[in-house]
Amino acid sequence: MELRHLRYFIAVAKHGSFNRAAQSLHLTQPALSRQVKDLEEELAVPLLARGKNAVTLTEAGEQFYEEAREILARAELAVQRIRNESRNEILRVGYAPSVTAGILPRALQAFHAAQPRARIELADLFPREMSRMARDGELDIVITLESPDEAANFHWEEFRRVPLVLVVPAKHPLARRKHVSPQNLRDLALVGLAQQSFPGYVPHIRKLLKPFGIKPRFVALERDGVSTMFAAVEAYQAGAILAASAVSFMPKTLVTRPFVQAFDPIIAKIGWSEKNPKSHVASFVSCLRKAAQRERSAA
């Protein structure tokens, strides 16, 4: 028995006629008669008394008519509730500002235009905290520069590639150069990100510089992110190696210089929950990718 059998039976009972019921359902009369007969055979009881000019309900049919109407009403209510919940869905997004600078506002605007009843909850998070929240099911989408935690039951894809640059104070000797080489980093005081919050940063910088025989000389490791890192660069008159996307919120007292022997770019990742996927994830990821493409085109 399927819901359509109930709909057909109710239509015949309401109209008191197979012909009028068939017209309302956009079916042929023989097809409708066959479907209702199948229902009666499955129940092993006649539901309709068929006359020459009218169709009436049997005693069993009257009882089943009320039950069928209630079943259909509950089914339609369940469908409507699910549709409303989907439209009102909340996506919880954990992100690294250095990845999404210049991209996220455009993506949000496009998403809200396409899905006005869905809502985005943003969380600016450190990588370690992001991994924990993803594992605990507190995030639906993650955008990060750090290597993703594969144990988080997330599906991961490459989001964008971001070149590395050197950040120095505007009055620093290296600021006079148009480009810098890895050799310019030898003995240069550097500011980095602390392992407690950004476990992958220092190992990655050491790996980058090792082929050039350079050991990075960190004079400060900041726990609170890129903003405090910029302040430390000024305070120590030092340098910092950062993703180029992070410089959009850099103070004007600092400048960036590209590397003449370019390092491999940082690969930003985007991931979403495979354990509890939400219906609007694909739409938001598409908006992010389109915004990233426009950012690349503008550059």
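This briefing walks through two helices, one strand and one glycine of the structure above. The model is predicted, so local features need pLDDT of at least 70 and side-chain atom pairs count only at pLDDT 80 or more, while totals for chains, interfaces and linings use all residues. Residues are numbered from 1 along each chain as its sequence is written, and side-chain values use heavy atoms, with hydrogens and water left out.

A few terms will help you:

- Helices (H or I, at least four residues) and strands (E, at least two) are DSSP runs, numbered from the N terminus.
- Buried means under 20% relative accessible area, exposed over 50%, and partly exposed in between (1.4 Å probe, protein chains only).

**Helix α2**

- In helix α2, which spans residues 18–25, the buried residues are Phe18, Ala21 and Ala22.
- They cover an arc of only 100° around the axis, which puts them on the same side of α2; the arc is that of the directions from the helix axis to the C-beta atoms.
- Packed against these buried residues are α1 (3–15), α3 (29–43), β1 (48–50) and β2 (55–57), where contact means heavy atoms within 4.5 Å.
- At the N-terminal end, Ser17 acts as a cap for α2, with a side-chain oxygen 3.2 Å from the backbone nitrogen of Asn19.
- After α2 comes His26, and its phi is positive, near 60°.

**Helix α7**

- Pro127, Met130, Met133 and Ala134 are the buried residues of helix α7 (residues 127–135).
- Viewed down the axis of α7, these residues fall within an arc of 125°, so they line one face of the helix.
- Their cover includes β3 (90–95), β5 (141–144) and β6 (154–162).
- Gly137, just after α7, has a positive phi of about 75°.

**Strand β12**

- Six of the eight residues in β12 (residues 266–273) are buried, so the strand is mostly covered.
- β5 and β12 run antiparallel and are joined by four bridges; two strands pair if DSSP finds at least two bridges between them.
- One of the bridge pairs matches Ile141 with Trp272 in β12.
- β6 and β12 also run antiparallel, with eight bridges joining them.
- Arg161 has Ile267 of β12 as its bridge partner.

**Gly239**

- Look for Gly239 in the loop between α9 (226–236) and β10 (240–243).
- Gly239 is buried, and its relative accessible area is 0%.
- Leaving aside residues up to four places away in sequence, Gly239 touches Leu166, Val167, Val168, Leu188, Ala189, Leu190, Val191 and Val233.
- From Gly239 to Pro46 is 193 residues in sequence and 87 Å in space, C-alpha to C-alpha.

How values were computed
Polar contact = N/O pair within 3.5 Å; in protein donor to acceptor, adjacent residues only side chain to side chain.
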